[in-house]
Amino acid sequence: MTTFQYSIEILLCALLLMGIVYSIHLGRALAVLRRDRRELADLVARLDESGRRAEDGVEKLQTAADVSGRSLGRMIDQSKMLKHELEALSERADAMAERLEGLLRQGNRSMPEKQTPFAAVVGDKAVSDEMPAEVEEVRNPLASLPASPPNGGSRPYETRARQKTAAEQDLIRALRMS
């Protein structure tokens with residue numbers, strides 16, 4: 001063999017050795033890529049699962065919001081009804097207070113000193129033992145009020161401590177005076 005052949009064989013051996021080293025390096029890089037690919041696939045699966053859970057959570061929140069919205073709507077409707085009922089009761093109480101005040105003024109003008117507090121002159125007729133119907137309503141104010149709710153339960157506003165208005169205080173004073 002000639003030197004040329006030896007030099008070609010040495011060159012081929014060197015190239016083959018470099019190819020082997022390069023293939024080992026490529027094998028390691030491919031192993032890292034496969035591992036990274038599996039990790040990426042796992043990451044995508046976890047992200048997909050998180051997305052599904054988030055969608056379920058949003059649906060549950062929407063359901064809870066709908067339920068809360070309906071219950072708040074009912075509470076608002078009930079409070080509006082109670083407001084109207086309280087306004088009507090207040091108007092009735094004011095009207096009753098005005099009638100009572102008128103009866104007391106009329107009774108003070110026409111009542112002699114020695115008569116009982118309920119003796120009064122109604123029209124041309126003197127009434128001494130029986131109580132006028134308007135005064136009876138004042139003495140028994142609950143008789144003209146509506147009956148308790150059909151469910152028998154107490155209303156939430158009945159449990160709170162009430163502050164007496166000036167009209168209520170005047171009514172109480174008038175009742176105590178009679």
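Visitor: What makes up the surface that the protein exposes?

Guide: The protein exposes about 15,300 Å², of which carbon and sulfur atoms supply 60%; accessible areas come from the Shrake-Rupley method with a 1.4 Å probe, and for residues only the protein chains shown count as cover. This is a predicted model, in which local features need pLDDT of at least 70 and side-chain atom pairs count only at pLDDT 80 or more, while totals for chains, interfaces and linings use all residues. Residues are numbered from 1 along each chain as its sequence is written, and side-chain values use heavy atoms, with hydrogens and water left out.

Visitor: Why is Leu11 called exposed?

Guide: Buried means under 20% relative accessible area, exposed over 50%, and partly exposed in between (1.4 Å probe, protein chains only); Leu11 has a relative accessible area of 51%, and is therefore exposed.

Visitor: Why is the contact between Arg52 and Asp48 called a salt bridge?

Guide: The term requires a side-chain nitrogen of Lys or Arg within 4 Å of a carboxyl oxygen of Asp or Glu; the closest N and O atoms of Arg52 and Asp48 are 2.3 Å apart, and the pair forms a salt bridge.

Visitor: How do you know that Glu49 and Arg52 also meet in a salt bridge?

Guide: Their N to O distance is 3.9 Å, which is within the 4 Å that the definition allows.

Visitor: What makes Arg52 partly exposed?

Guide: Arg52 has 41% relative accessibility and therefore counts as partly exposed, and Asp48, with a relative accessible area of 42%, is partly exposed too.
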